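Visitor: I'd like a close look at one spot in this protein, with its surroundings explained as we go. Could you pick it apart for me and then show how it sits in the whole?

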Amino acid sequence: MHSRGRLGWIASLVILSAAAFLSPPRPARADLPNLPLFGPFPIITSFSPTSGLPGTVVTINGTNFTGVIRVDFGGGSAAYTVVSATQIQATVPDDALSGPIVVATSNGGSGSSGANFFVGLGAVITGISPTSGPAGTLVTITGRHLANVYMVAFHGTSAPFTVVNDGEIDATVPLGATSGPVTVSYSVGEATSDQVFTVPGPLITQLSPTAGTVGNPVTITGQNFTGTTSVRFNGTTANFTVMDDTQITTTVPVFATTGFVTVTNPNGTGTSAQTFTILGPNVTQLSPTAGTVGTPVTITGQFFTGTTGVRFNGTAATFTVVNDGQITTTVPAGATTGLVTVTNPSGTGASAQPFTLLVPRITQLNPTAGTVGTPVTITGQYFTGATRVAFNVTTATATVVNDGQITTTVPAGATTGFVTVTTPSGTG
């Protein structure tokens, strides 16, 4: 028994000596517990963030964190929570100094970070005034440790600024800023305001002109137009150019209808106080106001640019837009008496008076009786373009002498009855 006990003691001594030889040296720290050395020892592989003020929570990653009894930041003992054998959450203590982070465990070992944790007096924002305004507004930022700030941003958009003193910065709301917190950046981090700075959305103060047809240029005047993403005429999207923060140029889009104009950017949507009136074609005069198929007609009025259709009582006609106030056309085949309409992308305008289709009018037959083959002269009006002459429905051969006279002969099979003349305008 004595021999076995002696051998066991020797074996234990050898094991402890080997462990001491193979383990990393323990840092010479008089303030760490003087405990016997037993591995494995903690190893710090990384930590985040790498800098901060007292009170900052730091995540320490590594291995062998079981049995942690202390976490130090440059000599200052920190409050901590062992999340797992590979992670610790520690809070930077008030007496922390810049330097490595050290983790000590109950087995007498300790591990030190390869990199230093930087303890700095970072900027703190305590207030912003005012808390809303358009681009160009002067904003006072108050706080602590602001002297070393190198950048101010309104919701991510950099702003010009002046450091007044360690507790105050004057900044100007930049063009393109959107609503959100204010941030100041310093050498090792940044501070963000608890308050949100509100940048108002677009404000439309004037439309010029306030009425027009499709394609007409329009100038929109107002405020906060920088960053505009859309312009709409009563919901219809228009092409546009942002000239500056106070002016947009656009054109009335196809299919626009009378209504409000809106401007949208990331801060919101602004709506015009007055409506924009879409001016459809306005027909003021027809010349002549009556005719037969093929008769040339001049249409006078307004807003004819972009005309897509001219119709005689619903029958489409060919046409030429001479200018914004005049169209030339001809009475189409199949037209009937009724209103003339002009259509363009802005709408449809109708004539005040109808256009009368002049059908053939027979005033005299000479002679009024005869046998088959008897020559007959038909006198009247609107015979141009006649396509048929009939004696009581029996078609006869005929010659149009002029607009007021036709010569024909009584056809075989004709019976007593009326004589008719038919043109594209109708039958008389």
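Guide: Let's start at Thr66, which, once you skip its neighbours within four places in sequence, is in contact with Ala85 and Thr105. Keep in mind that this is a predicted model. You'll find Thr66 in the loop between β3 (57-63) and β4. Is Thr66 buried or exposed? Its relative accessible area comes out at 61%, and the cut-off for exposed is over 50%, so Thr66 counts as exposed. For a feel of distance, try going from Thr66 to Gln247: the two are 181 residues apart along the chain, and their C-alpha atoms are separated by 66 Å.

Now step from that loop into the strand that follows it. Strand β4 covers residues 68-73, and Phe73 sits in it. The structure holds five aromatic pairs, and Phe73 is part of one of them: its ring and that of Phe117 have their centres 5.2 Å apart, with the planes at 80 degrees, so the pair is edge-to-face. Phe117 belongs to strand β9 (residues 110-119), so this pair ties together parts that are 44 residues apart in sequence. Both Phe73 and Phe117 are buried, whereas Thr66 is exposed. Phe47 joins in as well, since ring pairs link Phe47, Phe73 and Phe117 into a cluster.

Further along the chain there's another pair to look at. The rings of Phe154 and Phe197 have centres 5.2 Å apart and planes at 80 degrees, so this pair is edge-to-face. Phe154 lies in strand β12 (residues 151-154) and Phe197 in strand β17 (residues 189-197), so the pair ties together parts that are 43 residues apart in sequence. Phe154 and Phe197 are both buried.

Since we began in a loop, here are two other loop residues to set beside Thr66. Thr213 is in the loop between β19 (211-212) and β20 (217-223). Its relative accessibility is 4%, so Thr213 counts as buried. Leaving out neighbours within four places in sequence, the contacts of Thr213 are Val252, Leu279, Phe303 and Ser346. Then there's Gly306, in the loop between β29 (296-302) and β30 (309-312). With 42% relative accessibility, Gly306 is partly exposed. Again setting aside neighbours within four places, Gly306 is in contact with Asn344 and Pro345. The C-alpha atoms of Gly306 and Ile248 are separated by 24 Å, with their positions 58 residues apart along the chain.

Finally, zoom out to the whole protein. There are 44 strands and one helix. The radius of gyration is 48 Å, well over the 22 Å that the globule rule gives for 428 residues, so the protein is more spread out than a compact globule. Its C-alpha atoms fill a box of roughly 165 × 65 × 20 Å along the principal axes. Of the 428 residues, 36% are buried, and Phe73 and Phe117 are buried residues too. Take the contacts between residues at least 6 apart in sequence: 51% of them join residues at least 24 apart. As for the surface, the protein exposes about 21200 Å², with carbon and sulfur atoms supplying 57% of it. And if you care about charge, the mean positions of the 10 positive and 13 negative charges are 21 Å apart.

How values were computed:
Residues numbered from 1 in each chain as written. Predicted model: local features only at pLDDT ≥ 70, side-chain atom pairs only at ≥ 80, totals over all residues. Heavy atoms only, no water. Helix = DSSP H or I, 4+ residues; strand = E, 2+ residues; numbered from the N terminus. Rg over C-alpha atoms; globule rule 2.2 N^0.38 Å. Buried < 20%, exposed > 50% of the residue type's maximum accessible area, 1.4 Å probe, protein only. Contact = heavy atoms within 4.5 Å. Areas by Shrake-Rupley, 256 points an atom, 1.4 Å probe, with all protein chains shown as cover. Lys, Arg positive; Asp, Glu negative; His and termini not counted. Charge placed at Lys NZ, Arg CZ, Asp CG, Glu CD. Phe/Tyr/Trp six-rings, centres within 6.5 Å; stacked < 30°, edge-to-face > 60°.
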